Amino acid sequence: MADAARYDLVVRARRALVEGEWREASVAVRDGRVVLIGDLDDDVSAGVDVALPDDQVLLPGVVDSHVHVNEPGRTEWEGFATATRAAAAGGVTTIVDMPLNSIPPTTTVDALEQKRSAAGPQSVVDVGFWGGAIPANLGTGDLRALHEAGVFGFKAFLSPSGVDEFPHLSTEQLHEAMAELAEFDGLLIVHAEDPDGLDAAAAALDGTAGSGAEGAAAAPSGGSSTGASPGGAAYDAFVRSRPDVVERTAIEHVVDALRATGGRAHVLHLSSATALDTIRAAKAEGLRLTVETCPHYLTFDAEHIGDGATQFKCCPPIRGEANRELLWQALVDGTIDVVASDHSPSTRELKFAGGVDGAHGDFDVAWGGISGLELSFRAVWTGARQRGIALETVVGWMAQGTAALVGLTSKGRIAVGADADLVAFAPEAPVTIDVDDLSHRNPVTAYDDARLFGEVAATWVGGRLAGPSAPPARLLVRPDAGVAP
């Protein structure tokens with residue numbers, strides 16, 4: 001019989017994913033950590049004792065390593081209160097916030113402190129932060145100072161980001177940044193689109209799409225950007241304005257920089273399967289490269305996106321069905337390491353800019369980015385389920401794998417000593433998404449009216465039930481930073 005000492009919480013489940021294996025279990029929590037994993041009916045005394053019904057399983061909380069919260073500065077797009085509530089509603093117990101779209105961007109320690117001050121009082125899931133690498137902070141000491149302050153790595157764009165305060169790096173500056181980060185083994189995370197390729201694509205479309213756009217190099221390119229491209233309302237023209245070669249070439253530049261510096265890099269939001277051979281070769285060479293893709297690239301396809309449907313606009317773009325299936329295969333074989341949401345919201349007016357009815361926009365001027373934080377895990381599980389991929393495999397990509405990416409070894413798993421970040425999940429529950437029921441700030445998402453599987457019944461962060469009345473969760477620093485959270 002288990003020790004009858006009092007615990008803060010015990011959760012009992014007939015199916016709990018403990019260290020990657022399914023078993024019946026009682027999971028006991030004290031002071032935010034899992035301290036005992038026993039049999040289902042063990043005599044464990046706790047302040048709160050929860051028995052999950054048979055249609056629910058107990059999972060570790062999702063770790064979403066790619067979230068744009070936008071606060072301070074653009075809180076009308078999203079903020080820590082709404083973003084973290086959406087995260088908890090989707091079974092996400094940890095987010096790592098991107099450095100851009102907030103004002104100021106997280107490119108100095110002072111800006112990081114402003115982010116932390118904004119996040120601290122209102123976040124209901126744990127929050128960490130990426131720093132940013134831009135031309136102005138290379139060689140200044142800011143990157144090392146941010147690293148020492150506990151950021152998890154540094155975001156860089158190789159093409160215009162969409163916001164003036166976060167300019168992109170040239171290929172030469174990419175090498176400079178990676179060499180500087182290699183001095184302290186910092187991680188560079190890269191939006192990989194090549195501006196010369198965007199220029200060439202814009203020139204090829206110029207005069208045929210009738211958009212009047214100045215050209216892709218002068219236009220924003222981020223998953224979190226306006227992404228102006230020739231084509232107006234036509235989705236096909238938008239995809240042709242950002243062809244596969246743009247991603248492939250940029251990733252080749254990243255690989256060259258890794259080879260030259262011995263550094264570490266992570267390719268963000270891979271959409272083009274044509275880059276997979278380059279990635280496989282780099283990994284076989286022993287270069288320290290990891291790669292993510294996103295739920296929207298695994299869920300949607302270009303063939304089913306209508307003209308004017310700018311709720312689907314993101315950069316790189318959602319490509320065709322055959323490309324999507326190659327991404328799934330690359331996840332299964334390990335070429336792609338993790339899946340993260342790239343939650344990148346904006347106001348409805350920006351998302352459907354250039355339209356005439358508030359529900360259809362112009363791909364030239366609409367803001368690019370998918371609002372999917374609350375739905376990311378369910379969307380990937382739905383696609384995996386359709387393909388015969390196990391739920392525990394999805395957890396590996398979106399919890400354990402993302403936790404390992406950022407060095408949070410106490411997260412992404414249910415184990416004695418791990419953080420008590422737990423999710424009660426009903427994997428076979430069907431749901432039709434209504435954007436008005438979601439928790440992120442603005443009522444627009446590509447998933448509106450989507451049929452998904454999976455219901456998040458409860459989310460515990462550090463053993464406390466997440467919700468509006470929960471106390472603020474923790475602000476995280478990189479575990480090896482040597483600074484207090």
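Helices (H or I, at least four residues) and strands (E, at least two) are DSSP runs, numbered from the N terminus. The model is predicted: local features need pLDDT of at least 70, side-chain atom pairs count only at pLDDT 80 or more, and totals for chains, interfaces and linings use all residues. Residues are numbered from 1 along each chain as its sequence is written, and side-chain values use heavy atoms, without hydrogens and water.

**Exercise 1.** Locate Asp-185 and state its phi and its exposure.

Solution.
- Start with the place: Asp-185 lies in the loop between α4 and β11 (187-191).
- Take the backbone next. Phi is about 60°, a positive value, although Asp-185 is not a glycine.
- Finish with exposure. Buried means under 20% relative accessible area, exposed over 50%, partly exposed in between (1.4 Å probe, protein chains only). Asp-185 has 33% relative accessibility, so it counts as partly exposed.

**Exercise 2.** Do likewise for Asp-449.

Solution.
- Asp-449 sits in the loop between β15 (422-432) and β16 (451-461).
- Its phi is near 75°, positive in a residue other than glycine.
- The relative accessible area of Asp-449 is 59%, so this residue is exposed.

**Exercise 3.** Classify the packing of α4 against α7.

Solution.
- Fit the axes: lines through C-alpha atoms, for helices over the stretch in contact, with angles from 0 to 180 degrees between N-to-C directions.
- The axes of α4 (residues 171-182) and α7 (residues 244-261) come within 9 Å and cross at roughly 40°.
- Apply the classes: under 35 degrees is roughly parallel, over 145 roughly antiparallel, 65 to 115 roughly perpendicular, the rest oblique. The two helices are therefore oblique to each other.
- List the contact (heavy atoms within 4.5 Å). Helix α4 contributes Thr-171, Leu-174, His-175, Met-178, Ala-179 and Ala-182. Among the α7 residues are His-253, Val-254 and Asp-256.

**Exercise 4.** Find the edges of the sheet with the order β9-β10-β11-β12-β13-β14.

Solution.
- Two strands pair if DSSP finds at least two bridges between them.
- This open sheet has 6 strands, with parallel pairing.
- The edge strands are β9 (131-132) and β14 (338-339), as each pairs on one side only.
- Strand β13 (residues 288-293) pairs with β14 in the parallel sense over 2 bridges. Glu-292 stands opposite Val-338 in β14.

**Exercise 5.** Place the cis peptide bonds that precede Pro-104 and Pro-316.

Solution.
- From Ile-103 to Pro-104, omega is near 5°. Pro-104 is in the loop between β7 (92-97) and α2 (109-119).
- From Cys-315 to Pro-316, omega is near 0°. Pro-316 is in the loop between α9 (295-299) and α10 (321-333).
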